[in-house]
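Colleague: Could you walk me through a couple of helices in this one? I'd like the reasoning as well as the answers.

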Amino acid sequence: MKRTFFVMAMVLSLVGCGQASKAPQVKAEAGTDASSEVKILQMEDGLKVTWLQDVGRKQSRSIFADASDALVDSLGLQDGVPSTISAFLVEKDGVQLLFDAGLGRGKGRVLPLLDSLGVKTSEIDYLFLTHLHGDHIGGMLEGDKVEFPNATVLVSRMEYEGWMAMPDDKKAQVVKTFDAYKKQLKCFEFGDVLPCGVLPINAVGHTPGHTVYQLGRLLVIGDLIHGAALQLANPDICASFDADKEAARASRKRILQYAHDNGLLMAGMHLPAPAFLER
């Protein structure tokens with residue numbers, strides 16, 4: 001399959017969903033330097049999508065034990081695989097949707113970047129969580145203070161209940177966070193239609209209820225990919241963070257094929273800057 005990392009300075013025509021008609025376009029509204037922390041895309045279906053780079057980094061080669069040394073060497077990835085920790089802000093019809101919350105103040109940049117954009121955390125209407133690892137929920141609390149007081153927090157029931165069944169030492173952050181947000185929490189089932197027409201897609205394997213979200217031509221893929229330079233061409237390669245490798249492989253292959261077949265623009269929490277990808 002042809003794969004091309006999204007170039008932010010370009011106007012990009014997406015392939016229609018099995019149709020010959022012209023698909024919506026996406027264009028950059030801010031910046032062309034892929035090392036910067038914010039990129040804004042205006043999609044023709046009215047979505048305004050903002051990439052927020054929480055942290056820029058490389059994933060250690062050691063977390064990809066499934067990858068052979070020969071493959072890693074051939075790709076020049078001995079020193080690590082380009083990656084980020086990212087979140088995405090989507091505005092639709094004046095409603096603010098945030099997908100994941102990053103590491104939190106003092107650790108990552110998602111919340112300061114929202115501040116810099118003039119978006120108050122109190123203005124976030126919906127917080128969609130792909131899963132409950134710390135680099136995705138850390139920004140929900142500042143100490144014991146709720147950062148998103150007016151947001152409905154959405155997470156798959158499978159994910160939430162999976163974490164609640166874990167040992168206390170593994171779920172401490174999750175329990176603290178959702179105790180604080182218990183009045184704002186809404187668990188959903190795969191197949192539900194969520195606010196603003198967001199569709200949750202089962203992507204289990206990385207975690208018990210790992211979720212991909214689709215909104216129009218945008219597909220927020222969470223942690224489906226940790227090291228794009230390795231995993232796009234070799235989707236059987238798992239990161240050590242994948243709890244159920246067999247399920248993670250199956251989800252990765254299925255969703256990458258779905259994105260390709262339907263001409264979707266993927267936004268990934270660990271894709272390299274600027275964290276957008278088309279296939």
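Colleague: Which residue with a positive phi follows H7?
Modeller: Bear in mind this is a predicted model. H7 covers residues 245–261. After H7 comes a residue whose phi is positive, near 60°, and that's glycine 263.

Colleague: And at the start of H7, which backbone nitrogen does a side-chain oxygen of aspartate 244 reach?
Modeller: H7 begins at residue 245. The side-chain oxygen of aspartate 244 comes to within 3.3 Å of its partner, and the cut-off for a polar contact is 3.5 Å. That partner is the backbone nitrogen of glutamate 246.

Colleague: Why do the buried residues of H7 line one face of the helix?
Modeller: The buried ones are Ala248, Ser251, Arg252, Ile255, Leu256 and Ala259. In an α-helix, residues three or four places apart point the same way, because there are 3.6 residues a turn. Seen down the axis of H7, the buried residues line one face because they fall within an arc of 120°.

Colleague: What helix is among the elements covering those buried residues of H7?
Modeller: The cover includes strands S13 (199–202), S14 (211–215), S15 (218–222) and S16 (265–268). The helix in that list is H6 (228–231).

Colleague: Over to H5: at which residue does H5 bend?
Modeller: H5 has 13 residues and spans 17 Å from its first C-alpha to its last, close to the 18 Å expected. There is still a bend of about 30° in H5. Lys171, Val174, Thr177 and Phe178 are buried in H5, and the bend sits at valine 174.

Terms used. Residues are numbered from 1 along each chain as its sequence is written. This is a predicted model: local features need pLDDT of at least 70, side-chain atom pairs count only at pLDDT 80 or more; totals for chains, interfaces and linings use all residues. Side-chain values use heavy atoms; hydrogens and water are left out. Helices (H or I, at least four residues) and strands (E, at least two) are DSSP runs, numbered from the N terminus. The expected span of a helix is 1.5 Å times one less than its number of residues. The bend at a residue is the angle between axes fitted to the seven residues ending there and the seven starting there. Buried means under 20% relative accessible area, exposed over 50%, partly exposed in between (1.4 Å probe, protein chains only). The arc is that of the directions from the helix axis to the C-beta atoms. Contact means heavy atoms within 4.5 Å. A polar contact is a pair of N or O atoms within 3.5 Å; within protein, one must be able to donate a hydrogen and the other to accept it, and residues adjacent in sequence count only if both atoms are side-chain atoms.
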